[in-house]
Amino acid sequence: MEKKCVFLSVSLFSYVFFCIPFAHAETVTSPSIIISEVQTKGTKADDEFIRLSTADSDPVALTGFKLIQTKFSEKKLSCSDETLVPTSKFAAKSIPGNGSLLIAHPGYEGTDVVDIFYAKSNTLTENTMRISLLDEHGN
């Protein structure tokens with residue numbers, strides 16, 4: 001009985017160390033996207049935009065992303081999140097390598113080409129505390 005136990009132990013040891021491939025760490029880098037520019041007012045109150053940029057040399061796909069803003073309510077003395085640009089607007093959109101993408105209110109009066117317009121009812125105000133770009137996992 002003892003011989004079988006030793007044989008089984010040696011066999012298990014050999015299998016684990018010689019048959020199962022060793023795990024290796026793989027570095028995975030996600031594309032870097034930054035909110036590089038925000039204008040809350042221009043020549044009029046709704047002349048506003050948000051520019052997303054990347055320094056990656058390859059295009060960065062935005063499918064599944066959404067843009068939210070955190071607004072402060074003076075009445076409630078609290079902050080709440082609201083979707084500024086839903087995931088449906090980012091479908092099949094991408095930021096070109098080493099480039100940018102412009103997201104704007106329909107009242108935007110600048111000369112740069114707008115890639116995505118958000119709803120006229122959404123506005124950036126002095127009560128906008130934060131703007132966040134979230135992927136499909138909420139990161």
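**A guided look at strands, cores and buried side chains**

Visitor: Is R51 buried or exposed, and what is its relative accessible area?
Guide: R51 counts as buried, a word that here means under 20% relative accessible area, with exposed over 50% and partly exposed in between (1.4 Å probe, protein chains only). For R51 the relative accessible area is 14%.

Visitor: What kind of model is this, and which atoms do side-chain values use?
Guide: This is a predicted model, in which local features need pLDDT of at least 70, side-chain atom pairs count only at pLDDT 80 or more, and totals for chains, interfaces and linings use all residues. Residues are numbered from 1 along each chain as its sequence is written, and side-chain values leave out hydrogens and water and use heavy atoms.

Visitor: Which side chain makes a polar contact with that of R51?
Guide: R51 is found in strand β2, strands being DSSP runs of E with at least two residues, numbered from the N terminus. Residues that R51 touches, leaving aside those up to four places away in sequence, include I34, S36, S100 and D112; touching means heavy atoms within 4.5 Å. A polar contact is a pair of N or O atoms within 3.5 Å; within protein, one must be able to donate a hydrogen and the other to accept it, and residues adjacent in sequence count only if both atoms are side-chain atoms. For R51 such a contact, at 2.7 Å, joins its side chain to that of D112.

Visitor: E48 is another charged residue to look at; how long is the polar contact between its side chain and that of Y118?
Guide: E48 sits in the loop between β1 (34-39) and β2, and it is buried, with a relative accessible area of 0%. Among the residues it touches, not counting those up to four places away in sequence, are Q39, H105, Y108, Y118 and N122. Between the side chains of E48 and Y118, the polar contact is 2.7 Å.

Visitor: Which geometry does the one aromatic pair have?
Guide: Rings of Phe, Tyr and Trp (its six-membered ring) pair if their centres lie within 6.5 Å; planes under 30 degrees apart count as stacked, over 60 as edge-to-face and the rest as tilted. There is one such pair in the structure. The rings of F49 and Y108 have centres 5.6 Å apart and planes at 75°, so the geometry is edge-to-face.

Visitor: How far apart in sequence are the parts that this pair ties together?
Guide: Both partners are buried, F49 with a relative accessible area of 6% and Y108 with 14%. F49 lies in strand β2 (residues 49-53) and Y108 in the loop between β7 (100-104) and β8 (116-117), so the pair links parts separated in sequence by 59 residues.

Visitor: Which strands each supply at least two residues of the largest nonpolar core?
Guide: A nonpolar core is a set of buried Ala, Val, Leu, Ile, Met, Phe, Trp, Tyr and Cys residues joined through side-chain atoms within 4.5 Å. The largest has 16 residues, of which I50, L52, L67, V85, F90 and I103 touch the most other members. The strands that each give at least two residues are β2, β5 (78-85), β7 and β9 (128-134).

Visitor: In β5, what is the bridge partner of L67?
Guide: Two strands pair if DSSP finds at least two bridges between them, and β4 and β5 are joined by seven, in the antiparallel sense. They form a hairpin with four residues between them, and L77 in the turn has a positive phi of about 55°. In β5, L67 has as its bridge partner V85.

Visitor: On average, by what angle are neighbouring strands of the open sheet turned against each other?
Guide: The sheet has three strands in the order β5-β4-β9, with antiparallel pairing; β5 and β9 are the edge strands, each pairing on one side only. Axes are lines fitted to C-alpha atoms, and angles run from 0 to 180 degrees between N-to-C directions. With direction ignored, the average angle between neighbouring strands of this sheet is 25°.

Visitor: Which residue of β9 stands opposite K66?
Guide: β4 and β9 pair in the antiparallel sense over six bridges, and I68 faces S132 in β9. Five of the seven residues of β9 are buried, so this strand is largely enclosed by the rest of the structure. The residue opposite K66 is L134.

Visitor: How far apart in space are F65 and L133, C-alpha to C-alpha?
Guide: F65 lies in the loop between β3 (60-61) and β4 (66-73) and is buried, with a relative accessible area of 14%. F65 and L133 touch, although they are 68 residues apart in sequence. Their C-alpha to C-alpha separation is 6.8 Å.
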